[in-house]
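Colleague: I would like a close look at one part of this model, and then at how the rest is put together around it. Please start with a buried-or-exposed question and go on from there.

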Amino acid sequence: MVDTGFSFIHAADLHLDSPFRGYAGIDCEEETRENILRQLRDGTFLALDNLVRACIQNQVDFLVLAGDVYDQADRSLRAQLRLRDAFARLAAAGIPVFVAHGNHDHSEGFQAALAWPDNVHIFAPGEVEARPVTRGGKEIARVYGISYPRRDVSQNYASMFRRDLSAPFAVAVLHCNVGGNSEHADYAPCSLEDLAAGGFDYWALGHVHRRLTLKEHGPCVVYPGNLQGRGPHETGARGCYLVRVKPGGLAELSFLETDTVRWATQRVSIQGLGTEQELLESLDAGLAELSRAHGQRSLVARLELAGRGPLHRRLQRPGALDGLLEELRRRFTGPSGRFVWPESIRLRTAPEVDKESLRGSRTLLGDLLEIAREARCGGRLRDQLAEALAPLQGRAARFIQLPQGKDLDELIEAAEEMALDLLWEEDAR
Ligand SMILES: [Mn+2]
């Protein structure tokens, strides 16, 4: 039982020295490319620095790292030296570090012979070890962990963890795949029940790169996600969890951002835009907004054009977006400083439709639009619509509130748009 509060930070999947190879050939001026590449390659290290700073500023009692600390099993010397420096700063602040290695940094890989500061404990491969954390000579927590002896661990490592009754607060550090998550390789597979059975207070997990709290208490089961995004499929803020354990043992989590380059998507509508110039300014505004929303970090942005408008047809021309992309890159990314790199522009637009002239046409869509207009105007059709929806009111009244008045108008209009998307063929006019 914890009789005094304490705190720790839980991070995982640092993937130090990730190479970001996909960006080596991007099409822009050399100095600009160098600026982007340098920031990407430094990203995992800067995130590590941010992690260390967070530990020191919050005066945590310890740090746990739940695997994939390095990107490659054959650890680069640069990664090992940067990590050793980071640990030395934590040692100077009196903060112990517990490391469990995972599939990316399993024990078979190359490791330089370096002198690690003695605040660091690296869990042994293939067996669960326990280490106490003390403050003022008194144990405040016990940290358990296991490292991967090789990449392909198919055993259920979670079931090897057993809490000692004497542990005041028990943290289990493990790189694993819970519940057969098919987005990730099935290493050290286990179920949430396996984790709950071990008697621990907090499962500090690694492996899943999107942060995910599987269980909020009894025990906490948490993936903090990776410390720094590594590509277009890892959008949004990345970081670690600060865990404050109250007297009595209740854990409170707060997420701390550590990433320095971020991937993001921005949608821009072509509705109401008549010229390429207007589109360019809308995209420019979209990127500026994205940059503000992400705290002025460097960003790799995927732009998505959506909506219906006269530009749709013009944008179909091969290469129509190339010039736009080039201009936006020039505006937002330079040879130094933060960048917003528009990686691509995706077209999800639809042709503009003159609904009014279509409404009078003798086509299926024309009839449909006419019916929708009638339904909006009230009268017999609206009554019929109300009748058709009425049975829902009886059986599902608790779950659904039937739309009325303006809400019903909006719904009819949305249905109209959907019908247009499905039935409209520009060339068939
Ligand atoms: Mn990983």
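Is Tyr 148 buried or exposed, and what is its relative accessible area? After that, please take me through strand E2 and its surroundings.

Modeller: Bear in mind that this is a predicted model. Tyr 148 has a relative accessible area of 0%, so it is buried. Tyr 157 is at 1% relative accessibility and therefore also counts as buried. Aromatic contacts are the place to go next: the count for the structure comes to 15 aromatic pairs. Tyr 148 and Tyr 157 make an edge-to-face pair, because their planes stand at 85 degrees, with the ring centres 5.9 Å apart. A separate entry is a cluster of aromatic residues formed by Phe 6, Phe 8, Phe 62, Phe 98, Phe 123, Phe 169 and Tyr 202.

Phe 62 leads to strand E2, which covers residues 62-66. Five of the five residues in E2 are buried, so the strand is mostly covered under the cut-off of 20% relative accessible area. In a regular strand, side chains alternate between the two faces of the sheet. In E2, Phe 62, Val 64 and Ala 66 point one way, while Leu 63 and Leu 65 point the other way. Both sets are buried.

E2 has a partner in strand E1 (residues 6-11), and the two run parallel with four bridges between them. His 10 is the residue opposite Val 64 of E2. Strand E3 (residues 97-100) is also parallel to E2 and is joined to it by four bridges. Here Leu 65 faces Val 99 of E3. Each of these pairings belongs to a β-α-β unit. E1, helix H1 (residues 30-57) and E2 make a right-handed one. E2, helix H2 (residues 77-92) and E3 make another right-handed unit.

Helices H1 and H2 are also linked by side chains. Arg 82 forms a salt bridge with Asp 49, with 3.6 Å between the closest N and O atoms. Arg 82 sits in H2 and Asp 49 in H1, so that parts of the chain 33 residues apart are linked. Asp 49 is buried at a relative accessible area of 16%, whereas Arg 82 is partly exposed at 28%.

Just before E2, Asp 61 makes a salt bridge with Arg 135, the closest N and O atoms being 3.0 Å apart. Asp 61 lies in the loop between H1 and E2, and Arg 135 in strand E5 (residues 129-135), 74 residues away along the chain. Asp 61 counts as buried at 14% relative accessibility, while Arg 135 is partly exposed at 35%.

These two are among the 27 salt bridges found in the whole structure. Another of them joins Glu 370 and Arg 373, at 2.5 Å from N to O. Both belong to helix H8 (residues 364-377), and because they are three residues apart, about one helical turn separates them. Glu 281, Asp 284, Glu 327, Arg 330 and Arg 331 are joined into one network by salt bridges that share partners.

For a contrast with E2, look at the surface. Leu 364, Met 418, Leu 422 and Leu 423 make a nonpolar patch of about 450 Å². Helix H10 (residues 405-423) contributes the most to the patch, with three residues. Leu 422 lies in H10, and at 68% relative accessibility it counts as exposed.

Terms used. Residues are numbered from 1 along each chain as its sequence is written. This is a predicted model: local features need pLDDT of at least 70, side-chain atom pairs count only at pLDDT 80 or more; totals for chains, interfaces and linings use all residues. Side-chain values use heavy atoms; hydrogens and water are left out. Patches are made of residues with over 30% relative accessible area and no salt bridge: like charges are joined within 9 Å, nonpolar side chains (Val, Leu, Ile, Met, Phe, Trp, Tyr) within 5 Å. Accessible areas come from the Shrake-Rupley method with a 1.4 Å probe; for residues, only the protein chains shown count as cover. A salt bridge is a side-chain nitrogen of Lys or Arg within 4 Å of a carboxyl oxygen of Asp or Glu. Buried means under 20% relative accessible area, exposed over 50%, partly exposed in between (1.4 Å probe, protein chains only). Two strands pair if DSSP finds at least two bridges between them. A crossover is right-handed if, with the strands pointing away from the viewer, the path from the first strand over the helix to the second runs clockwise. Rings of Phe, Tyr and Trp (its six-membered ring) pair if their centres lie within 6.5 Å; planes under 30 degrees apart count as stacked, over 60 as edge-to-face and the rest as tilted.
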